[in-house]
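Hi everyone, thanks for having me. Could you pull up the sequence and the structure on your screens? I'll talk you through them.

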Amino acid sequence: MSPDIRKTITDAFNAAVATSPYADEVVPGIVTQDGGEVTRRDLAAAWLQDDAFFAHIDKAMAGGKTLEQVIDKFQRGINTSILPRR
């Protein structure tokens, strides 16, 4: 993956997280090594530091997904609550 594409993904994901009303929801079932809560913001930040995450996107794009589709899917997801409705 080119540095330009990686930067585009990073910038788009960070912008989506920054504007999402659900970025600070706690992700059920995921905790830090010391047992602390992990938010969706934390998870996205960790993904953007992981080369395997970008390799996964590269594989999806090699399989026919466009960069715009990858970004759109994340944007839709981060703007939808993961918590069960009451």
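I'll go through two helices, then some aromatic rings, then some salt bridges. One thing before we start: this is a predicted model.

Okay, helix 1. Helix 1 has 17 residues, and from its first C-alpha to its last it reaches 24 Å. At 1.5 Å a residue you would expect 24 Å, so the helix comes out close to the expected span.

Now, which residues of helix 1 are buried? They are Ile9, Ala12, Phe13, Ala16 and Val17. These residues cover an arc of only 130 degrees around the axis, which puts them on the same side of helix 1. Turn to the face that points away from that buried side, and you meet the exposed residues Pro3, Asp4, Lys7, Ala18 and Thr19. And what do the buried residues of helix 1 pack against? Helix 2, helix 3 and helix 4.

Let's do the same with helix 4, which runs over residues 67-78. Its twelve residues should span 16 Å at 1.5 Å a residue, and the end C-alpha atoms are 17 Å apart, which agrees. The buried residues in helix 4 are Leu67, Val70, Ile71, Phe74 and Ile78. Look down the axis and those buried residues fall within an arc of 95 degrees, so they line one face of the helix. The face of helix 4 turned away from that buried side carries Glu68, Lys73 and Arg76, which are exposed. The buried residues of helix 4 pack against helix 1, helix 2 and helix 3.

On to the aromatic rings. A search of the whole structure finds five aromatic pairs. I'll show you two of them, starting with Phe13 and Phe53. Their ring centres are 5.7 Å apart and their planes sit at 70 degrees; over 60 counts as edge-to-face, so that is what we call this pair. Where are these two residues in the chain? Phe13 lies in helix 1 and Phe53 lies in helix 3 (residues 51-62), so the pair ties together parts that are 40 residues apart in sequence. Both Phe13 and Phe53 are buried.

The second pair is Trp47 and Phe53. Here the ring centres are 5.5 Å apart and the planes are at 15 degrees, so this pair is stacked. Are these two residues buried or exposed? Trp47 has 33% relative accessibility, so it counts as partly exposed, while Phe53, at 14%, counts as buried.

If you zoom out a bit, Phe13, Trp47, Phe53, Phe54 and Phe74 form one aromatic cluster. You've already met Phe13 among the buried residues of helix 1, and Phe74 among those of helix 4. There's also a charged residue here: Arg6 lies over the face of Phe54, at 4.0 Å from the ring centre.

Last topic, salt bridges. How many does a search of the whole structure find? Five salt bridges, and I'll walk through some of them.

Let's begin inside helix 1. The side chains of Asp11 and Lys7 meet in a salt bridge, at 2.7 Å from N to O. Both residues lie in helix 1, four residues apart, and that is about one turn of the helix. Asp11 is partly exposed, with a relative accessible area of 39%.

Next, Asp24 and Arg41, whose side chains meet in a salt bridge at 2.8 Å, N to O. This pair links distant parts of the chain: Asp24 is in the loop between helix 1 and strand 1, Arg41 is in helix 2, and they are 17 residues apart. Asp24 is partly exposed at 48%, and Arg41 also counts as partly exposed, at 31%.

Then there's Glu25, which forms a salt bridge with Arg40; their closest N and O atoms are 3.3 Å apart. Glu25 lies in the loop between helix 1 and strand 1 and Arg40 lies in helix 2, so this pair ties together parts that are 15 residues apart in sequence. Glu25 is buried, with a relative accessible area of 10%, and Arg40 counts as buried at 10%.

One more stop: Thr39, in strand 2. Thr39 is buried, at 15%. Leaving aside neighbours within four places in sequence, which residues does Thr39 contact? Ala23, Asp24, Glu25, Val26 and Val27. Asp24 and Glu25 are the acidic partners from the two salt bridges I just described.

That's me done, thanks!

Terms used:
Residues numbered from 1 in each chain as written. Predicted model: local features only at pLDDT ≥ 70, side-chain atom pairs only at ≥ 80, totals over all residues. Heavy atoms only, no water. Phe/Tyr/Trp six-rings, centres within 6.5 Å; stacked < 30°, edge-to-face > 60°. Buried < 20%, exposed > 50% of the residue type's maximum accessible area, 1.4 Å probe, protein only. Lys NZ or Arg CZ within 6 Å of the ring centre and 35° of its normal. Expected span 1.5 Å × (residues − 1). Arc of directions from axis to C-beta. Contact = heavy atoms within 4.5 Å. Salt bridge = Lys/Arg side-chain N within 4 Å of Asp/Glu carboxyl O.
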